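Please open the structure in your viewer and keep the selection tool at hand. This tour moves from one selection to the next and says what can be found at each stop.

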Amino acid sequence: MDERFNKWLLTPVLTLLFLIIMYQYVSPTCTSSCTNFGDKFHAGGESGQVAAAPAGPREDQQQPPPRDQQAEIPGAPAAQLSGPVQEAEEEFEELEEEEEEQDRESPDNGSLPKFVPRFNFSVKDLTRFVDFNIKGRDVIVFLHIQKTGGTTFGRHLVKNIRLEQPCSCKPGQKKCTCHRPGKKETWLFSRFSTGWSCGLHADWTELTNCVPAIMEKKDCPRNHSRTRNFYYITMLRDPVSRYLSEWKHVQRGATWKTSLHMCDGRSPTPDELPTCYPGDDWSGVSLREFMDCGYNLANNRQVRMLADLSLVGCYNLTFMNESERNTILLQSAKNNLKNMAFFGLTEFQRKTQFLFERTFNLKFISPFTQFNITRASNVEINEGARQRIEELNFLDMQLYEYAKDLFLQRYHHTKQQEHQRDRQKRREERRLLKEHRAHRWQKEDETAVTEDYNSQVVRW
């Protein structure tokens with residue numbers, strides 16, 4: 001009777017176990033729920049409470065290997081792989097894992113998350129690569145706008161670029177000698193290489209009219225017949241932060257009184273460009289006093305320094321009405337910025353470094369550092385003061401929005417192009433590895449057949 005009962009009980013138990021095992025392998029969501037069934041029971045204790053199941057599989061739970069790792073190599077067991085074939089197979093798997101990791105980070109369309117372009121730019125606008133010939137006559141011209149991090153970037157240009165002939169910077173001297181390899185000609189026009197040759201903080205209008213003539217004077221007469229390319233670069237900054245930084249700088253005694261402001265062959269008259277202070281400087285000026293001066297060049301400084309001022313009569317405010325003048329200035333600044341070889345943003349130091357290196361095919365020795373704490377960031381202002389600053393710099397606000405969008409689109413476009421080139425390179429490497437592996441197996445099979453045939457001949 002007991003034996004018959006045990007046999008009757010054994011059949012449903014085995015059936016139940018079989019169904020549980022089959023369900024575990026067939027159901028895609030059963031991995032965590034089925035394997036943790038016992039854990040739930042024990043976690044509840046004697047009270048019968050059931051603990052919440054973890055979202056994913058346990059760390060100590062063995063997972064089946066991926067399908068591509070389960071596949072066996074035809075003609076040779078996995079345990080017998082050694083030497084070059086083993087190394088080729090490991091390299092092949094590493095390449096596949098690397099591509100899978102990058103694919104998880106980058107969407108299929110190559111666009112990066114959390115950035116939605118607002119302006120339409122052509123591929124030509126987004127593609128920035130110049131064939132900069134440092135051994136020829138090409139020159140990089142740095143347009144240094146006040147309080148945009150230009151001093152730090154300028155030092156990067158003379159001290160941090162990996163060059164065949166690095167710039168010679170002597171202690172105690174502000175200027176460095178940046179000569180071409182084997183020549184006594186400079187390839188860089190900036191504050192720390194040639195000094196303020198076109199005036200203190202010369203703007204786009206001044207530089208484009210002054211730099212070619214200055215470089216011709218510095219160059220050898222025999223080279224005057226050869227063409228020269230000028231690649232203009234600059235740095236921009238968030239207008240509110242830049243404005244506050246300039247205010248603090250002026251408050252400490254800075255004036256920039258020696259700036260020429262040359263336009264159409266002359267500097268502005270005192271009536272065209274009055275000063276905001278009666279004495280030698282504006283030390284101790286309050287923020288309200290700084291904002292109340294209608295002639296303050298800090299207002300919309302970035303637009304003014306990037307626009308072609310000759311289009312609006314230079315500093316003659318009676319040349320046209322204010323609305324038309326502002327429209328022309330803003331559009332001119334946008335066009336000049338877009339057509340520059342390169343521009344960076346103070347708020348994106350690493351991206352600035354990345355784009356400069358890809359644009360000029362030059363590498364920096366040390367990475368750029370992002371300083372989040374500046375004099376401007378330590379200034380506490382209320383919302384009313386911030387709105388007033390934005391109103392005073394309404395042209396700069398529009399320019400920066402445009403520049404930031406173009407900058408990030410260029411960065412993403414360049415990253416996407418590099419990603420596609422890297423994927424193509426990895427695919428080509430995998431293809432070569434597969435061909436090498438197939439050729440090796442074919443050669444081993446032919447050798448095995450030949451040896452077997454020779455042994456049969458010996459036997460005969």
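The stops below concern a predicted model, and they go from a strand to a loop and then to a pair of helices.

Begin by selecting strand 1, residues 139–143, where five of the five residues are buried. If you show the side chains, you will find that Val139, Val141 and Leu143 point one way from strand 1, while Ile140 and Phe142 point the other way.

Next, add strand 3, residues 230–236, which pairs with strand 1 in the parallel sense over five bridges; within this pairing, Leu143 has Thr234 as its bridge partner. Then add strand 2, residues 188–189, which runs parallel to strand 1 and is joined to it by two bridges, with Val141 standing opposite Phe189. Once helix 7, residues 150–159, is also shown, you have the parts of a right-handed β-α-β unit, made by strand 1, helix 7 and strand 2.

Now select Thr148, which lies in the loop between strand 1 and helix 7. Is Thr148 buried or exposed? Its relative accessible area is 0%, so Thr148 counts as buried. Leaving aside residues up to four places away in sequence, Thr148 touches Met235, Leu236, Arg237, Arg242, Gln302 and Thr346.

Finally, select helix 9, residues 239–251, together with helix 14, residues 383–392, whose axes come within 10 Å and cross at roughly 100°, which means that helix 9 is roughly perpendicular to helix 14. At this contact, Val240, Tyr243 and Leu244 of helix 9 meet Arg386, Ile389, Glu390 and Leu392 of helix 14, and by class the contact has five nonpolar, no polar and two charged residues.

Conventions:
Residues numbered from 1 in each chain as written. Predicted model: local features only at pLDDT ≥ 70, side-chain atom pairs only at ≥ 80, totals over all residues. Heavy atoms only, no water. Helix = DSSP H or I, 4+ residues; strand = E, 2+ residues; numbered from the N terminus. Buried < 20%, exposed > 50% of the residue type's maximum accessible area, 1.4 Å probe, protein only. Contact = heavy atoms within 4.5 Å. Axes fitted to C-alpha atoms, helices over the stretch in contact; angles between N-to-C directions. Parallel < 35°, antiparallel > 145°, perpendicular 65-115°, else oblique. Nonpolar A, V, L, I, M, F, W, Y, C, P; charged D, E, K, R; others polar. Pairing = 2+ DSSP bridges. Right-handed = clockwise from strand over helix to strand, strands pointing away.
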